[in-house]
Amino acid sequence: MKCQTVMGLIEKIAPKKLAENWDNPGLQVGNPEQQVKKIMVCLDVSLPVVQKAIEKGADMIISHHPVVMFKGLMSIRTDAWVGKLIQALLTHNIAVYSAHTNLDIAQGGCNDILARMCGLENIDGFVPCQDYPEESMGRIGYLSQEILLEDYAKNICHSLETDCVRIVKGGRDMVKKVALCSGAGGDFISKAAFCGADVYITGDIKYHEAQQAMRQGINLIDAGHFATEFPVVRALAEYLRTEIRKLDQAVEVIEDDISKDYFSIVLK
Ligand SMILES: [Zn+2]
C-alpha cells in the first residue's frame, strides 16, 4: 500500500485544512510514493517509539504530535535530538505522518474519544473553528445523571487509566453538564463557564487559570495532557485497521504500548 493512500485515510476523517494555522500536520518524513506494510500509531515520535518501530519492522509511523515542531527546523545535526531521530527514520526508511489539531477537531478524533470515555451523552461541538464553524475544538455534553465532582473525577481516573487527576472546586458540588478539550485547553475555561458547564475537563491547567475558574464559578478537572490524548492512539489504529480491511490490503497496524506520561506522582 502506498504511503499516500494511508495519508488519504487519515485525511478522510481529519482534513489538514481543519488544523490551526500555527500547526504543522501532514507528512513529516518520507515520500508519499513509498510502500507501507506495517504502520505504528503513537502520540509522540520519541526515540524509544522509533526504536520500537524499527524492532517491529514498521515502515510508517502515524503520530498525533508533529515531529517538526512549530518553529521549524534550522539544522539537522545528528548529535541533537531531532537530527538523531530523523537519521534513524531515514536509515530505516520509515515515513512519519502527523495529524494534530486537525485530529483534535475531527469527528471521531481526540475530543470525541475523550467525550465518550468521560461518559458524555448528547455530545455537541464546544469551540467552533474560525474558518469552518460547523466543526469544533472540544466537546460539550451531559452525564446521564448528576454526580459529585470528586466521584466523577475518580471515574475519569479509571476510564483514562491514570493514577490521579487534579480538580478545582470552583462551581457546584454536583456536576452534569461537561465541557472538555483534550491536551492543553486552559484557554477555554471562560468559554466553558459561559456555556453553563458544571465542570471543564482538560490538561495542562496553570495556577492563574485555576484562579480564573474559581472567579467564574466553574469546576475544573485537569486529567493531564497525556491521559486526555493517549486514547486516540487505539481509536486511530482501529479506524485504520477497518479502512485497510475494506481496501483488502495486507497492512498491519500496531499501537505504541511503551509510552507513558512524562509526569509521575510522588506523595509525601
Ligand atoms: Zn497534545
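**Notes on the pockets and the zinc site**

1. Let me start with the pockets. Helix α10 is the top contributor to the lining of the largest pocket, giving five residues. Please keep in mind throughout that this is a predicted model.

2. The volume of that largest pocket comes to about 1200 Å³. Its lining is made up of 38 residues, and those nearest the centre are Glu161, Thr162, Phe226, Ala227 and Asp261. Two or more lining residues come from each of α5 (110–117), α9 and α10 (231–246). If you plan to look at the chemistry of the wall, the lining splits into 17 nonpolar, seven polar and 14 charged residues.

3. Where does the largest pocket lie with respect to domain 1 and domain 2? It lies between them, because domain 1 (3–103 + 230–255) and domain 2 (107–223) both supply lining residues.

4. The second largest pocket has a volume of about 980 Å³. Here 44 residues form the lining, with Glu20, Trp22, His100, Thr101 and Asp104 nearest the centre. The elements giving two or more residues are α3 (81–91), α4 (101–105), β5 (121–128), β8 (174–184) and α9. Strand β8 has the largest share, at four residues.

5. By residue class, the lining of the second largest pocket holds 22 nonpolar, twelve polar and ten charged residues. Both domains take part in this pocket too: at least three lining residues come from each of domain 1 (3–103 + 230–255) and domain 2 (107–223). Helix α9 is worth following from here, since it is listed for the lining of the largest pocket, is listed again for the second largest pocket, and holds His225 and Glu229.

6. That brings us to the metal. Which protein atoms are the donors of the zinc ion? They are NE2 of His65, NE2 of His225 and two OE atoms of Glu229, at 2.1 to 2.5 Å from the ion. Along the sequence, the donor residues follow the spacing H-x159-H-x3-E. His225 and Glu229 sit four residues apart in helix α9 (residues 225–229), which is about one turn of the helix.

7. A word on the geometry, in case you want to set up the site: the angles among the four donor atoms run from 55 to 130°, and the site is irregular. A tetrahedral label would need all angles between 85 and 135 degrees, so the lower end of the range, 55°, rules that label out.

8. Are the two donor residues of α9 buried or exposed? Glu229 is buried, because its relative accessibility is 2%, and the cut-off for buried is under 20%. His225 has a relative accessible area of 24% and is therefore partly exposed.

9. Two asparagines deserve a look in your backbone check. Asn93, in the loop between α3 and β4 (95–98), has a phi near 55°, which is positive even though the residue is not glycine. Asn122 also has a positive phi, of about 50°, without being a glycine. Asn122 is placed in strand β5 and is exposed, with a relative accessible area of 64%.

10. Finally, a remark on Val266, which belongs to the segment after β11 (252–255). Val266 counts as exposed, at 77% relative accessibility. Between Val266 and Val6 there are 41 Å in space, C-alpha to C-alpha, and the two are 260 residues apart in sequence.

Key
Residues numbered from 1 in each chain as written. Predicted model: local features only at pLDDT ≥ 70, side-chain atom pairs only at ≥ 80, totals over all residues. Heavy atoms only, no water. Donors = N, O, S within 2.8 Å, 3.2 Å for Na, K, Ca; no water. Tetrahedral: all angles 85-135°; square planar, octahedral: opposite > 155°, others 65-115°. Buried < 20%, exposed > 50% of the residue type's maximum accessible area, 1.4 Å probe, protein only. 1 Å grid on protein atoms, 1.4 Å probe; cavity = no way out; pocket = protein on both sides within 12 Å on 5 of 7 lines; lining within 4 Å. Points joined across faces, edges and corners; volume = space filled by probe spheres on them. Nonpolar A, V, L, I, M, F, W, Y, C, P; charged D, E, K, R; others polar. Domains from an automatic or database assignment.
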